Amino acid sequence: MCGIVAYIGKKQASPILIGGLRRLEYRGYDSAGVAILDKNIKRIRSVGKIDNLAEKIKNQDLSGNIGIAHTRWATHGGVSEVNAHPHFSCDDDLVIVHNGIIENYRELKNELLTEHNFVSETDTEVLAHLIEKYYQGNLKEAVTEALSRVRGTYGLVAMHTKEPNKLVAARLGSPLVIGVGDKEYYIASDTSPMLAYTKNVIFLDDGEVAEITPENLQIFNLQSEAINKNVEQVDWDEAQAQKFGFPNFMLKEIYDQPIVFQDAIRGRYDLDGGTAHLGGLNMTIDEMHSIKKIILLACGTASYAAMIGKYAFERLAGISTEVEIASEFRYSDPIVGRDTLVFGITQSGETADTLAALREAKRKGAYIRGIVNVVGSTIARETDGGTYIHAGPELAVASTKAYTNMAAIMFLYALQFGRLNRTSVATGQRLLAALLEIPEKMEIILKQSDKIKTIAEKYKDNKNFFFLGRGVNVPVALEGSLKLKEISYVHSEAYPGGEMKHGPIALLSPDFPVFAIMTKNQLYEKMRSNIEEVRARKAPVILVATEGDEMAKKITEDVIYVPPTMELLEPLLNTIPLQLFAYHTAVSLGRDVDRPRNLAKSVTVE
Ligand code: BG6
């Protein structure tokens, strides 16, 4: 996700834009740029933090009352000044900033290449040339026509030298807010850049286009019909605004999951062919066929996402897959060869253990690829290909949305390999159909946050927990246990349900709650009998169960129901109640959920 700021009015735009970008740096910070319209368009861009851009601007004449600015979280195209926004059309008369993913940018670019020259690798520049193609003197109409050709998501602001007193903004899937002043307007990705000037805001909704002059703001739908919108008063402070009103980044990122999950899979699957297309794999069909073993290297939460990937690769592709804790792998004399494909799975792309393990695998001749969140990170650059998970900046130390998106990408990779041998087109279509339903099913679970909060508060004084799962829900139990430990500092352990009777059950007592995942799948009856063993020791039970399972309520009053889905995909849903349980427990204990003690977002030392 990127950050957009724009201004039109009587003030000098440049200081407002730079100040606004600083407040949006949490949305992306690999490069930034600003464009001011004052007869011509003056544009300055820089790589790195906003300070670099501010430094560059210092001795330049950037006077003017209308401008747009952008801080980038790279998705398409590496981190470079030429890929930084704002992006020009061919004639430098039109300039835009954009947040989102243009899914069909390749086909649009091929159509435009004959008459337009491109200078960047971005999907955004395609949008600039597409608007230019349709421009016939009315920017709002040209933007609307161009957007009718676009598949994907956007929050964009455009301006044109031929309409020097106008901004056009549009939103589909990426937030845009308009701040209303006295003959002046502010546009931004959230309200934080405008709160110093106005608290009167209009939240653009999906499919809306705004035409803004200092005197007038008009909003239309994509059929060019005028829409009336209410001006709302926000009473957030800047910090709250950056979290869209959430109390901290962790809860915001838990709630981001349905949206960023779609960003992970968007444009990377083929429903008709029942397959996936992850171009970054950078392997020929023959090379893919030559793979006899897959190793998934990761640390922490990423290693539990990797365990989900193990089930996916083995079940869909029939390829033996091992999950290796990166810090152990490199010293364990690993068996790796030319027929081995090694993925480094990492949010930051900087985890030293994962990097070192990948380098060891490379020395042994394996194919090494990355499943990474941060574009341009060390692991993204050192691997010979891979896929960005498009989770957007994850600022809370405890990983949530990155974990879900890592799993999503591994399902797609498993399908891509699976369709080379044992997975039929029908199975592939069923998996993709189930994947496409995940976001709405996540939303159903997120709506139960208050109920989960009540359960968490009921057990907040307990000092020990077990988390139990079976099959695909073992990594879910492990992740739920880690989340509780990380942010609430409460001790917990996770076990496969069948393992309790071989020792751990000795610990059970009425003050040792057991959180079990008992969803309706092939191991449901087995988990139920494991839970009976637990109840026989008088330990309290909290359940994640499938909607409609009345048996769950007979076992305990503390049941969190989740919608059914394909068994393999259950972790994408079943983990959310555990994230929320850990979150509410930590809050009830007064912990700093975004910055838990002793932890770092990325451990770049061994
Ligand atoms: C830990 C983080 O330091 O590193 C975890 O606190 C994370 O949240 C783990 O899962 C691995 O980090 P990364 O960036 O390699 O996924």
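**Exercise 1. Locate Asn138 and describe its surroundings.**

Asn138 is found in the loop between α4 (123-134) and α5 (139-147), where helices (H or I, at least four residues) and strands (E, at least two) are DSSP runs numbered from the N terminus. The model is a predicted one, in which local features need pLDDT of at least 70 and side-chain atom pairs count only at pLDDT 80 or more, while totals for chains, interfaces and linings use all residues. Residues are numbered from 1 along each chain as its sequence is written, and side-chain values use heavy atoms, with hydrogens and water left out.

The next step is accessibility: Asn138 is partly exposed, with a relative accessible area of 23%, on a scale where buried means under 20% relative accessible area, exposed over 50%, and partly exposed in between (1.4 Å probe, protein chains only). Then come the neighbours: leaving aside residues up to four places away in sequence, Asn138 touches Glu163 and Glu211, contact being heavy atoms within 4.5 Å. Finally, a polar atom of the Asn138 side chain lies 2.9 Å from the backbone nitrogen of Glu141.

**Exercise 2. Work out how domain 1 and domain 2 meet.**

Begin with the bounds, which come from an automatic or database domain assignment: domain 1 (3-236), domain 2 (249-441) and domain 3 (449-588). The centres of domain 1 and domain 2, taken over C-alpha atoms, are separated by 33 Å, and eleven residues of domain 1 are in contact with twelve residues of domain 2.

Next, consider the area buried between domain 1 and domain 2, which is about 1,100 Å², with carbon and sulfur atoms giving 73% of it; buried area is the accessible area (1.4 Å probe) that two parts lose on being put together, summed over both. On the domain 1 side, Tyr26, Trp73 and Ile101 lose the most area to domain 2, together 48% of what that side buries.

Last, count the charged pairs: there is one salt bridge between domain 1 and domain 2, a salt bridge being a side-chain nitrogen of Lys or Arg within 4 Å of a carboxyl oxygen of Asp or Glu. Glu103 and Arg266 form a salt bridge through their side chains (3.8 Å, N to O).

**Exercise 3. Explain which parts of the chain the salt bridge of Asp256 and Lys401 ties together.**

The side chains of Asp256 and Lys401 meet at 3.3 Å, N to O. Asp256 lies in helix α7 (residues 249-265) and Lys401 in helix α13, so the salt bridge ties together parts that are 145 residues apart in sequence. As for accessibility, Asp256 is buried, with a relative accessible area of 13%, and Lys401 is also counted as buried, at 0%.

**Exercise 4. Identify the residues at the centre of contacts in the largest nonpolar core.**

A nonpolar core is a set of buried Ala, Val, Leu, Ile, Met, Phe, Trp, Tyr and Cys residues joined through side-chain atoms within 4.5 Å. The largest one has 118 residues, of which Phe343, Ile345 and Phe581 touch the most other members. Helix α13 (residues 401-418) gives the most to this core, with 13 residues. To follow one of these residues further, Phe581 touches Ile452, Ile455, Ala456, Phe465, Phe467, Leu484, Phe515 and Ile542, when residues up to four places away in sequence are not counted.

Notes
Polar contact = N/O pair within 3.5 Å; in protein donor to acceptor, adjacent residues only side chain to side chain.
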